[in-house]
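Me: Please take one part of this model and give me a close look at it, after a short account of the whole chain. I am new to the subject, so please explain each term where it appears.

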Amino acid sequence: MKFMGTLIAIKDIEESKRFYHDVLGLNVLADFGANVTLQGGVVLQTIESWKSFIYSDDVILHSNAGELYFEEEDINAFCKHLDSFNICYIHELLEHPWGQRVVRFYDPDKHIIEVAEKLDNVILRFKNEGLSAEETAIRMGIPLDYVKSILNKKLN
């Protein structure tokens, strides 16, 4: 078995294609009208066609029960990029207790989008701030071996 992606029900296929392309940079890989596959395994399905597939009219948007998670190389530049759109934020850029910086917002159909700083970059940021590998592992709550492997990979 192979996981192929995440399908989300949406109201307006054209609006969602624009949003995911313009805001998140995801290009269309396949467009079948009511079903569109984007880069990264995100699949958009119109609500009307989705209802017919699940044999139910009970489709609830804005449930806050999950999110699409993305990582960004330069989180500060991405947040500046968001300024050019009418984004409905859950929260603007914040730093979690383990040090990773994230922003969360809604897509046009109120699906939660999280864009986070890559964990490798958090490790490098802590190194640049003077934390040892051991201190970084403790601060982030991750294995020391993982921190060391990232530092060895990035610094060599």
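Reply: A contact means that heavy atoms lie within 4.5 Å of each other. With that in hand, residues 24 or more positions apart account for 52% of the contacts in the chain with a separation of 6 or more. This is a predicted model, in which local features need pLDDT of at least 70 and side-chain atom pairs count only at pLDDT 80 or more, while totals for chains, interfaces and linings use all residues. Residues are numbered from 1 along each chain as its sequence is written, and side-chain values use heavy atoms, with hydrogens and water left out.

The whole chain provides the setting. Its C-alpha atoms fill a box of roughly 55 × 40 × 25 Å along the principal axes. Of the 156 residues, 40% are buried, where buried means under 20% relative accessible area, exposed means over 50%, and partly exposed lies in between (1.4 Å probe, protein chains only). The chain exposes about 9,200 Å², and carbon and sulfur atoms supply 53% of that area; accessible areas come from the Shrake-Rupley method with a 1.4 Å probe, and for residues only the protein chains shown count as cover. The chain has 16 positive and 25 negative charges, whose mean positions are 4 Å apart. Here Lys and Arg count as positive and Asp and Glu as negative, with His and the chain ends not counted, and each charge is placed at NZ of Lys, CZ of Arg, CG of Asp or CD of Glu.

The secondary structure consists of 6 helices and 8 strands. Helices (H or I, at least four residues) and strands (E, at least two) are DSSP runs numbered from the N terminus. In that direction the order of the elements is β-α-β-β-β-α-β-α-β-β-β-α-α-α.

The part chosen for a close look is helix α4, together with the sheet on which it lies. Four strands form this open sheet in the order β5-β8-β7-β6, with mixed pairing; two strands pair if DSSP finds at least two bridges between them. At the edges stand β5 (67-72) and β6 (88-95), each pairing on one side only. From one strand to the next the twist averages 15°. Strands β6 and β7 (residues 101-106) run antiparallel and are joined by 5 bridges, and C88 has Y106 of β7 as its bridge partner.

Across β5, β6, β7 and β8 (112-117) lies α4, running at about 35° to β8. Axes are lines fitted to C-alpha atoms, for helices over the stretch in contact, and angles run from 0 to 180 degrees between N-to-C directions. Helix α4 covers residues 119-128, and because 7 of its 10 residues are buried, it is largely enclosed by the rest of the structure. The buried residues are D120, N121, V122, I123, L124, R125 and F126. Just after α4, G130 takes a positive phi of about 100°.

Another sheet offers a useful companion picture. It is an open sheet of 4 strands in the order β1-β4-β3-β2, and its pairing is mixed. Strands β1 (6-10) and β2 (28-31) stand at its edges with a single partner strand each, so one side of each has no neighbour in the sheet. Its twist averages 20° from one strand to the next. Strand β2 runs antiparallel to β3 (residues 35-38), with 3 bridges between them, and V28 is bridged to L38 in β3. The hairpin of β2 and β3 has 3 residues between the strands, and G33 in it takes a positive phi near 85°. Strand β3 is in turn joined to β4 by 3 bridges, again in antiparallel fashion, and V36 stands opposite L44 in β4. In the hairpin of β3 and β4, which also has 3 residues between the strands, G40 takes a positive phi near 85°. Two helices lie on this sheet. Helix α1 (residues 13-22) lies across β1, β2, β3 and β4 (42-46), at about 160° to β4, whereas α2 (residues 47-54) lies across β1 and β4, at about 90° to β4.

A final residue comes from helix α6 (residues 144-155), which contains S149. Because its relative accessibility is 36%, S149 counts as partly exposed. S149 and K110 are 39 residues apart in sequence and 38 Å apart in space, C-alpha to C-alpha.
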